[in-house]
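Notebook open. I wanted to go through this one piece by piece and jot down what I looked up.

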Amino acid sequence: MATQVVLPQFGESVNEGTITKWLKAKGERVEQYEPLLEVNTDKVDTEVPSPASGVLLEILVPEGSTVQAGTLLAWIGEAGTAVETSEATRVAPPPPTQVSAQQPPPAAASPALGAGRDRQLGFISPVVARLASEHNIDLFQVPGSGLGGRITKRDVLAYLEQRPAQTAPAPAVQAAPQPAVQAAVSPPAAASALPGEVLPLTPVRRAIAEHMLHSKHTSPHVTTIMEADLSRVIAHRQTNKESFARDGVNLTFTAYFVAATVAALKAYPLVNSSWSDEGILLHREINIGMATSLGEAGLIVPVIKNADGLSLLGLARAVNDLASRARARKLQPDEVKGGTFSITNHGISGSLFATPIINQPQCGILGVGAIQKRVVVLSQPGAGDSLAIRPMVYLGLTFDHRILDGAIADYFLGKVVETLQNWP
């Protein structure tokens, strides 16, 4: 008797995943609970263990496919066991996305392809919305195969394949035909008019691109910059590094920036919010996302849950744990969900200040620049002005201008600066 291998539900709101790698080939022996395949969900790579011992009889979903939780992926059993391998059971690899040089006109409504405008579209993901906009697709005409009839990226691509080819009106002056641009496939037929190498898109890079584009199209971004004197923070860190190390914790500057951000979010809770059509949603929890570099693979934003309930030691321990497991690809999908505000320490690579992109649906993101010793002017009552060398850092708050005005954004950032400069 054969055992089904299905894509599990990795966490709340994680309904689909991309098969990045099969760790066993068809015909190979696998033991129960042995890692069988790797799945990427929202930039987190997770190993799926085998549900039983036996031979991998059939792989139904190839690498690179994105499927819903509960999808049948493979069969495991004794060699020679007959299993269902019909094309109806298999999932085809994702087809290449073709972007034409000219925008096609809107597709005509086709009753055969959809349920018409009487149906409810439900949740539309950013990638589906982008494809619909790029190709002028009426989503009411696209049948949905996702959970509850949700329209997935695969549904849109399938609809594009069966939609009759549309041609744009010829311009007054006939231009030389331009080749279609093929996005994110390996190997591409015509990736560019210029010679060069095309690097295939990884699931992480594709997810980053979709999230960043969605954010810039969602909210008006504004950035305000201030600088802070970290003399007291550095003195406190030097005094307490050894005691933290005895507890197995590396006291990094990130813990101080998280603590200062928490203090500012408590003072100005409007920054700990999200936009909705019904109104501004104020979050009860303070969950801080910290952008973590994965090198050339991109970046990921693990979340420190309930950061306002942690001491500096607790924050430093959480920073150490999440950062190390992020770089080791050991995070769980729920650990990159639920953030209410984010911090990115771009100064690690030498950047002084930047204008980071908001991690939707959050209200803002704090950018931390490189710590540099600079000459500053100190003013003391009755003593006049003097020059001094101080460890300074630029702090940039990029915020959603639908929610925050400049004054509130500056009050918040000023509170971050005040907390750091007056560290006890």
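**Entry 1: a small sheet.** I began with a single bridge: Val-30 has Gly-54 as its bridge partner in β6. I'm working on a predicted model here, so I read everything below with that in mind. Val-30's pairing belongs to a wider picture, as β3 and β6 (residues 54–59) run antiparallel and are joined by two bridges. Stepping back, I found an open sheet of four strands, ordered β1-β8-β6-β3, with antiparallel pairing. Which strands sit at the edges? They are β1 (3–6) and β3, each of which pairs on one side only.

**Entry 2: the cores.** Next I looked up the nonpolar cores. The largest has 52 residues, and Ile-288, Ile-304, Phe-341, Leu-395 and Leu-420 have the most contacts inside it. I checked which elements feed this core: among those giving at least two residues each are the helices α4 (231–246), α5 (253–267), α6 (312–327) and α7 (406–421). On the strand side, β14 (288–290), β18 (341–344), β19 (364–368) and β21 (384–400) also supply at least two residues each. The largest share, nine residues, comes from α5. I also noted another core that lies apart from this one; it has 16 residues, including Leu-7, Leu-36, Leu-37 and Ile-76.

I then pulled the contacts of Phe-341. Leaving out residues up to four places away in sequence, Phe-341 touches, among others, Thr-261, Leu-265, Ile-288, Ile-365, Leu-397 and Phe-412. As background, nonpolar side chains in soluble globular proteins tend to be buried together.

**Entry 3: nonpolar, but on the surface.** I went looking for nonpolar side chains on the outside. Val-375, Val-377, Leu-387 and Ile-389 form a surface patch with about 440 Å² of accessible area together. Both β20 (372–380) and β21 supply at least two residues of the patch. I picked out Ile-389, which lies in strand β21. Is Ile-389 buried or exposed? Its relative accessible area is 58%, over the 50% cut-off, so Ile-389 counts as exposed.

**Entry 4: salt bridges.** How many salt bridges does the structure hold? I have nine on the list, and I opened up a few of them.

- Lys-24 and Glu-34 meet through their side chains at 3.0 Å, N to O. Lys-24 is in the loop between β2 (16–22) and β3 (29–30), while Glu-34 is in the loop between β3 and β4 (35–41), so the pair ties together parts ten residues apart in sequence. I have Lys-24 down as buried, at 16% relative accessible area, and Glu-34 as partly exposed, at 25%.
- Arg-390 and Asp-229 meet at 3.6 Å, N to O. Arg-390 belongs to strand β21 and Asp-229 to strand β11 (residues 221–229), so this bridge ties together parts that are 161 residues apart in sequence. Arg-390 is partly exposed at 26% relative accessibility, whereas Asp-229 is buried at 16%.
- Glu-418 and Lys-415 meet at 3.9 Å, N to O. Why about one helical turn between them? Because Glu-418 and Lys-415 are three residues apart in helix α7. I logged Glu-418 as partly exposed at 40% and Lys-415 as partly exposed at 24%.

Last note: salt bridges with shared partners join Asp-321, Arg-325 and Glu-335 into one network.

Note on methods. Residues are numbered from 1 along each chain as its sequence is written. This is a predicted model: local features need pLDDT of at least 70, side-chain atom pairs count only at pLDDT 80 or more; totals for chains, interfaces and linings use all residues. Side-chain values use heavy atoms; hydrogens and water are left out. A nonpolar core is a set of buried Ala, Val, Leu, Ile, Met, Phe, Trp, Tyr and Cys residues joined through side-chain atoms within 4.5 Å. Buried means under 20% relative accessible area, exposed over 50%, partly exposed in between (1.4 Å probe, protein chains only). Contact means heavy atoms within 4.5 Å. Patches are made of residues with over 30% relative accessible area and no salt bridge: like charges are joined within 9 Å, nonpolar side chains (Val, Leu, Ile, Met, Phe, Trp, Tyr) within 5 Å. Accessible areas come from the Shrake-Rupley method with a 1.4 Å probe; for residues, only the protein chains shown count as cover. A salt bridge is a side-chain nitrogen of Lys or Arg within 4 Å of a carboxyl oxygen of Asp or Glu. Two strands pair if DSSP finds at least two bridges between them.
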